[in-house]
Amino acid sequence: MTKATTRDWSSTIVILSLLTVGSVMTVSSCQPDRRGMDTAGEAQKRNLYQSKEACVADYSEEACEAYQSGDGSGSGGVFFFRGPPYPASWRHAGYAFDPARTGPGRAALASPDGVVAHPTQTMRGGFGATGRSYASRGG
Amino acid sequence: MRREVTAPRPNIKARMQDIGLWPRDDNPYYDETVAYVFSESQIETLYEASLALEHMIGEAVDHVIAKKRFDELGIPQALATYAAACRRKGHPSVYGRMDLAYDGIHPPKLLEYNADTPTALFEAAVLQWEWLKERFPDCDQFNSIHEALIAAWAKLKNQSGLSRLTLAGMLEEDDDRMTIAYMEDVAHQAGWRTIPTPISELGFDGRGFVDAEGVYVQALFKLYPWDWMAQEAFFDRVVELDLAVMESAWRVIASSKGLLPILWELFPGHPNLLPAGFNNDPALGPRVSKPVLGREGSDIQFIDVPGLPPAPEGPYASQKRIYQAYQPLPCFDGWYPIIGSWIIDGEACGVGVREDQDKVTGLGAKFRPHRMEG
């Protein structure tokens, strides 16, 4: 019932890193490509995969495109598949609450019903409003 | 059970600064200048009571579903239907925290069950264990929370065949961020690929949910109450997809204070329960009125309890209420402790003690480590 005298201390080391930097190291078969910028100048990332199958495991087939790294000349690079772009902001900058933001996710465009459409046709902001409302009232 | 003043670890401030838990006012919530000491038999009592309560709560949840008593619990119909379906399918639970009144002498009494979005997990699982190992290495502590969480996530991974876990919550809130970071750690150790995401960044692309990276969500750990989710735009999509979510939707039944009167109906006179009802019945004597889906002690009112004046209204004031016999918390040196008993995958795995100088455990409470002797 009570704890044994031995314990896996390695977990404590991991949590230190998680809590200190407020960011996360994910273990993934994919690698982020951080070079992209959207038209508004916000940093964008795309996940790179060594095979189409690996990409389709994460995204729809249509969203996975072949990609060749290198200088753009089409020669000498490495072939990958990559998923659609996504904003890198909250993780790279360290997520911080913006008190001026009362609407849905930052990477989103507001619509009249409060649901939002992401530029890549992903709806975001469908959760979170009630929590913000209660938080603002001290709940 | 006794309260003892102890010398804190000399490095505790640096340790907590390291993990971002030391406040600017030098008045930390986790505070090991005081600790609680329990005898082995008292820990046995807490363990047995927690298991008995977990069993009764499971029966009460099934009763609510069978008798369709969701209105009394304040659960809207769409959520009720989904919660019942999740329970019937046998969706598991990872964790929950029972709040118990216990003085070391009389049977522990259930005050409420945080079965949907419990926090105060990291301090119970890790910080007080570090304290024990450094300050009292020859003593024991009722605490296998950490190992049990890893085992629970490993079991889920094996049973589901899934590999990726998205963890979502209001990451701008310290409590949520810390709990999610810790839950991410134990899930990662259990073999999951983990991705934390602000809950407002969860997306839906017409086929499935996507995380902040646009990657499809396989399984979701959410630190966001089901009754809030049910009011929001994506709830219907969760139901349609039958997304794997932890805690499962049926936990809203266990979490509603409306279950407290039902527990008393089903198990009247049980030593670990307090008399409770849906009506403001003076026969309960001094009593506590609680909103069925309130949180963090907001909008709790005391009735006929000397010395406890009406509290100001908060955001849950308009909710349906239940009435529970008032159980005074024990008083040690002017502080009132409350026991948080952690249930991991259905097993009682440890306790954490919070104490307040107020009779109502609130924002001024301190988390105190504990140890066993004898």
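Both faces of strand β12(B) are covered in this predicted model. On one side R287(B), S289(B) and P291(B) are buried, and on the other V288(B) and K290(B) are buried as well. Five of the five residues of β12(B) are therefore buried, and the strand is largely enclosed by the rest of the structure.

Two strands pair with β12(B). Pairing with β13(B) is antiparallel and extends over three bridges. Strand β14 of chain B, residues 321-325, is joined to β12(B) by five bridges and also runs antiparallel to it. R287(B) takes part in both pairings: its bridge partner in β13(B) is I303(B), and its bridge partner in β14(B) is A325(B). As a general point, strands of a sheet pair through backbone hydrogen bonds, either parallel or antiparallel.

The loop that leads from β12 (287-291) to β13 (301-303) of chain B contains D299(B). Is D299(B) buried or exposed? Its relative accessibility is 4%, and because buried means under 20%, D299(B) counts as buried. Leaving aside neighbours within four places in sequence, D299(B) is in contact with two residues named above, S289(B) and P291(B). The other contacts of D299(B) are P312(B), E313(B), G314(B), P315(B), Y316(B), A317(B) and R321(B). E232(B) lies 67 residues from D299(B) along the chain, and the C-alpha atoms of these two residues are separated by 23 Å.

**Helix α10 and the largest cavity**

β12 and β14 of chain B are also among the elements that cover the buried residues of α10(B). That cover further includes α2, α9, β4 and β11 (276-277) of chain B. The buried residues of α10(B) are L259(B), L260(B), P261(B), I262(B) and L263(B).

Three of these names return in the lining of the largest cavity, namely L259(B), L260(B) and L263(B). The count of cavities of 30 Å³ or more comes to five, and the largest holds about 50 Å³ of space. Which elements each supply at least two residues of its lining? They are β4 (109-114), α9 (251-255) and α10 (259-266) of chain B. Besides the three leucines of α10(B), the lining includes I57(B), L110(B), E112(B), Y113(B), A254(B), S255(B), S256(B) and K257(B). By character, the lining residues divide into seven nonpolar, two polar and two charged.

**A three-stranded sheet and the helices across it**

Elsewhere in chain B, three strands form an open sheet in the order β1-β2-β18, with mixed pairing. Its edge strands are β1 (2-5) and β18 (370-373) of chain B, each of which pairs on one side only. Direction ignored, neighbouring strands of this sheet are turned by 35 degrees against each other on average.

Strand β2 of chain B, residues 34-39, runs parallel to β18(B) and is joined to it by four bridges. Within this pairing, V37(B) has R371(B) of β18(B) as its bridge partner.

Two helices lie across β2 and β18 of chain B. Helix α2 (residues 40-67) of chain B runs at about 85 degrees to β2(B). Helix α4 (residues 121-135) of chain B runs at about 50 degrees to β18(B). Helix α2 of chain B also belongs to the cover over the buried residues of α10(B).

**Backbone features in loops**

Two residues other than glycine have a positive phi, and both are placed in loops of chain B, as the table sets out.

| Residue | Phi | Loop in chain B | Relative accessibility |
|---|---|---|---|
| K68(B) | about 50 degrees | between α2 and α3 (77-88) | 64%, exposed |
| D345(B) | near 50 degrees | between β15 (336-344) and β16 (347-356) | 33%, partly exposed |

K68(B) counts as exposed because its relative accessibility of 64% lies over 50%. D345(B), at 33%, falls between the two cut-offs of 20% and 50% and therefore counts as partly exposed.

A further backbone feature concerns a peptide bond. Where is E247(B) placed? This residue is in the loop between β10 (244-246) and α9 of chain B. The peptide bond that leads into E247(B) from M246(B) is cis, with omega near -10 degrees. Helix α9 of chain B, at the other end of this loop, is one of the elements that supply at least two residues of the lining of the largest cavity.

Methods:
Residues numbered from 1 in each chain as written. Chains lettered and ligands numbered in written order. Predicted model: local features only at pLDDT ≥ 70, side-chain atom pairs only at ≥ 80, totals over all residues. Heavy atoms only, no water. Buried < 20%, exposed > 50% of the residue type's maximum accessible area, 1.4 Å probe, protein only. Contact = heavy atoms within 4.5 Å. Pairing = 2+ DSSP bridges. Axes fitted to C-alpha atoms, helices over the stretch in contact; angles between N-to-C directions. 1 Å grid on protein atoms, 1.4 Å probe; cavity = no way out; pocket = protein on both sides within 12 Å on 5 of 7 lines; lining within 4 Å. Points joined across faces, edges and corners; volume = space filled by probe spheres on them. Nonpolar A, V, L, I, M, F, W, Y, C, P; charged D, E, K, R; others polar.
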